[in-house]
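Please open the model in your viewer and keep the sequence panel beside it. The tour below moves from one selection to the next and says what is there at each stop.

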Amino acid sequence: MDIGKLFSLEGRVALVTGGSRGIGKMIVEGFLAAGCARVYITARKVDEINATVEEFGDRVIGLPGDISNMEGIQQLADQIAEREDKLDILVNNAGAAWGQEFEEFSEAGWDRTMDLNVKTPFFLTQKLYPLLKAAATAERPGKVINIASIDGLRINPWETYPYQASKAAIIHLTRRLAGRLVKDNIFVTAIAPGAFPSSMNRAARDHADESAAGIPSKRVGTSEDMAAGAIYLASRAGDYVIGETLAIDGGIVNAHLPSHFAKP
């Protein structure tokens, strides 16, 4: 058994939405280290895309755009199709969160969160289906990895209603897409991150020690933690994992004892 080949992404082409920062950028860095030939990234902020491309070099190609609507989704799919005749890996990472008190929660916040977190992954996968199918074989399946959240596996105390609902939805959508696309040798999985430093999780970014106190492993996640999970699912190592959601969270979901059970 060749461990290097087991986790290798040598020669593969990937697209990571929201890949210019945060969890998306961690995955991009991991894919490059694992040997991806090219990694496309997309985001709305051109300066952040340019900074990431400059940091990682010419194997990263930036495609600025807004994929929260059908026009932007189609535009991105067309841009990839103009440059590639196949796509090995799609990571649906771009997402939004919106917090507001229950009595005042706005339709705009609800719609933006649900659209970007649920509608976009579905329709972007649909639009890129021909390229994913062209790359996929029984020996080397295509991969779609949806980025969910531990908030889709258990509730949290914050009033982020559509965020939590959307992340539960993407976990179930992952299973449904997996059932449809497996016949085309396209394997769909998801990652449910816990506390990783990012602009969306400012508590983990700016108050790591306080955040770590509530995590069974007593630390927040690192770039290596996220990259390792994504490489596993994208590579040969994850070829027998289909429809599963991998929690990368230091034990919050599955090893967190309620306080009345915890030892003093």
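In which handedness of crossing does H5 pass H6? Before turning the view to find out, bear in mind that this is a predicted model.

**First stop: helices H5 and H6**

Select helix H5, residues 107-135, together with helix H6, residues 161-181, and look along the place where the two pack. The crossing in which H5 passes H6 is right-handed. Their axes lie 8 Å apart and make an angle of about 15°, which means that H5 runs roughly parallel to H6, since angles under 35 degrees count as roughly parallel. To see the contact itself, show side chains on both helices: on H5 the participants include Trp110, Met114, Val118, Phe122 and Tyr129, while on H6 they include Tyr163, Ile170, Leu173, Leu177 and Arg180. If you colour the contact residues of this pair by character, you will find 14 nonpolar, five polar and two charged.

**Second stop: a salt bridge within H5**

Stay on H5 and select Lys119 and Asp115, whose side chains form a salt bridge with the closest N and O atoms 3.9 Å apart. The two residues are four apart in H5, and therefore about one helical turn separates them. Lys119 is partly exposed, at a relative accessible area of 28%, and Asp115 is likewise counted as partly exposed, at 27%.

**Third stop: from H5 to the loop after H6**

Now move along H5 to Lys133 and add Asp184 to the selection; their side chains meet in a salt bridge, at 3.9 Å from N to O. This pair links distant parts of the chain, for Lys133 belongs to H5 whereas Asp184 sits in the loop between H6 and strand S6 (186-193), 51 residues apart. With a relative accessibility of 41%, Lys133 counts as partly exposed, but Asp184, with 11%, is buried. Add Arg180 as well, because Lys133, Arg180 and Asp184 are joined into one network by salt bridges that share partners. Arg180 has already appeared on this tour, as one of the H6 residues in the contact with H5.

**Fourth stop: the end of H4**

Select helix H4, residues 70-83, and pick out Glu82 within that helix. Glu82 forms a salt bridge with Arg83, where the closest N and O atoms are 4.0 Å apart, a separation that still counts because the cut-off is within 4 Å. Glu82 is exposed, with a relative accessible area of 63%, and Arg83 is partly exposed, with 43%. For a sense of distance, draw a line from the C-alpha atom of Glu82 to that of Gly109: the two residues are 27 apart in sequence and 34 Å apart in space. Across the whole structure, a search finds eleven salt bridges.

**Fifth stop: helices H2 and H3**

Next select helix H2, residues 22-33, and helix H3, residues 46-56, which pack with their axes 12 Å apart and at an angle of about 25°. H2 and H3 are therefore roughly parallel to each other, and H2 passes H3 in a right-handed crossing. At the contact, Lys25, Val28, Glu29 and Leu32 of H2 meet Thr52, Glu55 and Phe56 of H3. By character, the residues of this contact divide into three nonpolar, one polar and three charged.

**Sixth stop: Ser20, ahead of H2**

Is Ser20 buried or exposed? Select Ser20, which lies in the loop between strand S1 (13-17) and H2, and display a surface to judge. Ser20 is buried, with a relative accessible area of 6%. Leaving aside residues up to four places away in sequence, Ser20 touches Lys25, Ile41, Ala43, Glu48, Ile49 and Thr52. Two of these names, Lys25 and Thr52, also appear at the contact of H2 with H3.

**Last stop: Ala228 in H9**

Finish by selecting helix H9, residues 223-234, where Ala228 is found. Ala228 counts as partly exposed, at 45% relative accessibility. From there, draw a line to Arg12: although Ala228 and Arg12 are 216 residues apart along the chain, their C-alpha atoms are separated by 17 Å.

Methods
Residues are numbered from 1 along each chain as its sequence is written. This is a predicted model: local features need pLDDT of at least 70, side-chain atom pairs count only at pLDDT 80 or more; totals for chains, interfaces and linings use all residues. Side-chain values use heavy atoms; hydrogens and water are left out. Buried means under 20% relative accessible area, exposed over 50%, partly exposed in between (1.4 Å probe, protein chains only). Axes are lines fitted to C-alpha atoms, for helices over the stretch in contact, and angles run from 0 to 180 degrees between N-to-C directions. Angles under 35 degrees count as roughly parallel, over 145 as roughly antiparallel, 65 to 115 as roughly perpendicular and the rest as oblique. A crossing is left-handed if the near helix is turned anticlockwise from the far one by less than a right angle, and right-handed if clockwise. Contact means heavy atoms within 4.5 Å. Ala, Val, Leu, Ile, Met, Phe, Trp, Tyr, Cys and Pro count as nonpolar, Asp, Glu, Lys and Arg as charged, and the others, Gly among them, as polar.
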